[in-house]
Amino acid sequence: ARPQPLEGKRVLVTAGPTREPIDPVRYIANRSSGKQGFAIAAAAQAAGAEVTLISGPVDLDDPAGVTVAHVESAREMLAAVEAALPADIAIFTAAVADWRVAHEGAQKLKKTAAGMPPLQLVENPDILATISKLRDTRPPLVIGFAAETEHLIDNARAKFARKGCDWMVANDVSPGTGVMGGDRNTVHLLTRDGVGDEIKAESFPVMTKEDVAAMLIERIVSTVTDQPT
Ligand code: C5P
């Protein structure tokens, strides 16, 4: 059999939205389908990696040969990611809710004469930033995604600098693109050039999410495997 390029490598992928409970019957969520993360997990598995996929609630079948942990909230996702370490490569495609409700209702919130219930929000943990800042167990290659609806490259650059990851994939999710929930994606790969630590951006044409996954895995393979001499 042909040697698999990611044989022996442990790859961790987060995917999908998170669901932040308001009360036992309601939650805050977003339009992420999980398709891009699932495609990346499948492509890594096909390249021979041992893959753990940590997914929020999605309407997709678990990819064959991949260990899948299903979670709901951002805090559960962070715990599952930490439990899946160590890893050689971590790819964070999940659309994690930035906020959760400060005080989850123990019972279904009721309409009252007093008016609407106030929903106080608190910030969720940033999983990508948390993992990027680990000392001993930081995966050697940490990749983030930046979904933006405007000023794509500028916002992604700022996010890249802030999060501490090694690569950042910027994708345009503005309403006209159909990326959220759709089958295609237009991405830009942000990396740092080894010399001045300057951020380089490489743009790709619109591709299927499978092709984006294949491109990314190809880049990963050429980065982490020893080049044949
Ligand atoms: O939501 P944001 O645009 O900051 O997401 C950028 C990157 O950070 C994505 O890779 C996303 O998966 C990750 N992220 C995370 N935990 C959060 C927010 C974002 O891992 N709480």
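Ala201 lies in strand β13, which covers residues 199-203, where strands (E, at least two residues) and helices (H or I, at least four) are DSSP runs numbered from the N terminus. The structure is a predicted model, in which local features need pLDDT of at least 70 and side-chain atom pairs count only at pLDDT 80 or more, while totals for chains, interfaces and linings use all residues. Residues are numbered from 1 along each chain as its sequence is written.

**Exercise 1.** Describe the surroundings of Ala201, and state whether it is buried, partly exposed or exposed.

*Solution.* The classes rest on other C-beta atoms, placed from the backbone, within 10 Å of a residue's own: 20 or more make it buried, 12 or fewer exposed, and anything in between partly exposed. Ala201 has 15 such neighbours and therefore counts as partly exposed. For contacts, the C-beta atoms of two residues, again placed from the backbone, must lie within 7 Å; leaving out residues up to four places away in sequence, Ala201 touches Ile153, His188 and Leu190. As for a longer distance, the C-alpha atoms of Ala201 and Val122, which are 79 residues apart along the chain, are separated by 33 Å.

**Exercise 2.** Work out how the overall dimensions of the protein chain relate to the globule rule.

*Solution.* Begin with the secondary structure, which comprises 5 helices and 14 strands. The radius of gyration, taken over C-alpha atoms, is set against a rule of 2.2 Å times the number of residues to the power 0.38. The value for the protein chain is 18 Å, close to the 17 Å that the rule gives for 229 residues, so the chain is as compact as a globular protein of that length. Along the principal axes, the C-alpha atoms fill a box of roughly 75 × 35 × 35 Å. Finally, 38% of the 229 residues count as buried, and, among contacts with a separation of 6 or more, 64% join residues 24 or more positions apart.

**Exercise 3.** Identify the residues with the most contacts inside the largest nonpolar core, and find which element gives this core its largest share.

*Solution.* Such a core is a set of buried Ala, Val, Leu, Ile, Met, Phe, Trp, Tyr and Cys residues joined through C-beta atoms within 7 Å. The largest one has 56 residues, and those with the most contacts inside it are Val11, Val13, Ile40, Ala44, Met77 and Ile127. Its largest share, 7 residues, comes from helix α1, residues 35-46. Taking Val13 as an example, and leaving aside its neighbours within four places in sequence, one finds it in contact with Gly37, Ile40, Ala41, Val51, Leu53, Ile91 and Thr93.

**Exercise 4.** Characterise the shell around the ligand by its nearest residues, its elements and its residue classes.

*Solution.* A residue is near the molecule if its C-beta atom, placed from the backbone, lies within 6 Å of it. Of the 17 residues around the ligand, Phe92, Val96, Ile127, Leu128 and Gly144 come nearest. The elements that give two or more residues to this shell are α3 (127-132) and β9 (141-148), and β9 provides the largest share, 4 residues. By class there are 10 nonpolar, 4 polar and 3 charged residues, with Ala, Val, Leu, Ile, Met, Phe, Trp, Tyr, Cys and Pro taken as nonpolar, Asp, Glu, Lys and Arg as charged, and the others, Gly among them, as polar.

**Exercise 5.** For Phe145 and Lys163, both listed under "binding site" by UniProt, determine the elements, burial and contacts.

*Solution.* Phe145 lies in strand β9 and counts as buried because it has 25 C-beta neighbours inside 10 Å; among residues more than four places away in sequence, it touches Phe92, Thr93, Val169 and Asn171. Lys163 lies in helix α4, residues 152-163, and with 20 C-beta neighbours inside 10 Å it also counts as buried. With the same exclusion, Lys163 touches Leu128, Ala129, Ser132 and Gly144.

**Exercise 6.** Locate the cis peptide bond and the non-glycine residue with a positive phi.

*Solution.* Most residues other than glycine have a negative phi, and most peptide bonds are trans. The bond from Leu85 to Pro86 is cis, with omega near 5°, and Pro86 is found in the loop between α2 (74-84) and β6 (89-92). His151, which is not a glycine, has a positive phi of about 45°; this residue is placed in the loop between β9 and α4, and it is exposed, with 10 other C-beta atoms within 10 Å.

Key:
UniProt positions are given in the numbering used here, feature names are shortened, and annotations may be inferred rather than shown by experiment.
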